[in-house]
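Let's take a friendly walk through this protein together. Have the sequence and the 3D view side by side as you read.

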Amino acid sequence: MTTMATERSLSELLFVVPQFEPHPPLYNVFMWAWVGIFGTSEIAMRSSSVLFSIATIPLVYLLVRRLFDRPTAVIVGTFVAVSPFQIWYAQEARMYAPLVLLTVASFYLLVRLTESYTRRTAIGYVAVGVALAYLHIYGLFVLL
């Protein structure tokens with residue numbers, strides 16, 4: 001990932017790399033910007049996944065709280081916080097941590113839309129859906 005983020009220009013990441021890379025370009029573009037700000041050290045590269053994983057926990061809490069109740073939300077949030085899958089991908093400079101965050105955000109916004117439609121929630125849901133589609137091919141399965 002370091003090579004992709006440091007040795008390619010933004011236009012290459014958007015137009016050339018997608019011709020041979022099986023994954024959509026959003027994560028590569030994000031890492032290009034991240035590396036430009038924070039550098040290419042191992043900690044800098046992995047810290048984005050840590051932040052995405054940490055942000056997933058309160059979002060899971062909000063989703064489960066909206067669907068069930070507070071005690072259930074606390075339990076599920078705790079399970080997510082100690083999940084081996086979540087911990088593993090929080091340590092990798094890969095697109096899986098943001099994929100989980102966007103998936104949970106998508107479900108949260110969908111639940112909010114079914115409860116009461118607002119233009120802001122609808123725009124958020126579409127924006128998260130587009131981000132999912134451009135982040136990883138599995139993001140399309142979430143939308144389906």
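On α3, the face turned away from the buried side carries Gly36 and Ile37, both of them exposed. Keep in mind as you look that this is a predicted model. Now turn the helix around: which residues of α3 are buried? They are Tyr27, Asn28, Met31, Trp34 and Val35. These five sit on the same side of α3, because they cover an arc of only 120 degrees around the axis. The spacing in the sequence fits a general rule: an α-helix has 3.6 residues a turn, so residues three or four places apart point the same way.

The helix itself has 13 residues. From its first C-alpha to its last, α3 reaches 18 Å, which is close to the 18 Å expected at 1.5 Å a residue. Just after α3 comes glycine 39, and its phi is positive, near 95 degrees.

Next, step back along the chain to the loop between α2 and α3, where you will find phenylalanine 20. Is this residue buried, exposed or something in between? Phenylalanine 20 counts as partly exposed because its relative accessible area is 49%, and the partly exposed class runs between under 20% for buried and over 50% for exposed. Phe20 also belongs to a nonpolar patch on the surface, together with Leu10, Leu14, Phe15, Val16 and Trp32. Together the patch residues have about 550 Å² of accessible area. Helix α2, spanning residues 10-16, gives the most to this patch, with four residues.

Now zoom out to the whole protein chain. Its secondary structure comes to nine helices and zero strands, so the pattern along the sequence reads α-α-α-α-α-α-α-α-α. Along the principal axes, the C-alpha trace spans about 50 × 30 × 25 Å. Of the 144 residues in the chain, 38% are buried. The chain exposes about 8600 Å², and carbon and sulfur atoms supply 68% of that area. As for how the chain meets itself, take the contacts between residues at least 6 apart in sequence: 58% of them join residues at least 24 apart.

Finish at leucine 144, in the segment after α9. Leucine 144 is classed as exposed because its relative accessible area is 84%, beyond the cut-off of over 50%. For a sense of distance, compare leucine 144 with serine 49: the two are 95 residues apart along the chain, and their C-alpha atoms are separated by 25 Å.

Technical notes:
Residues numbered from 1 in each chain as written. Predicted model: local features only at pLDDT ≥ 70, side-chain atom pairs only at ≥ 80, totals over all residues. Heavy atoms only, no water. Patch = residues over 30% accessible without salt bridge, like charges linked within 9 Å, V, L, I, M, F, W, Y side chains within 5 Å. Areas by Shrake-Rupley, 256 points an atom, 1.4 Å probe, with all protein chains shown as cover. Salt bridge = Lys/Arg side-chain N within 4 Å of Asp/Glu carboxyl O. Helix = DSSP H or I, 4+ residues; strand = E, 2+ residues; numbered from the N terminus. Buried < 20%, exposed > 50% of the residue type's maximum accessible area, 1.4 Å probe, protein only. Expected span 1.5 Å × (residues − 1). Arc of directions from axis to C-beta. Contact = heavy atoms within 4.5 Å.
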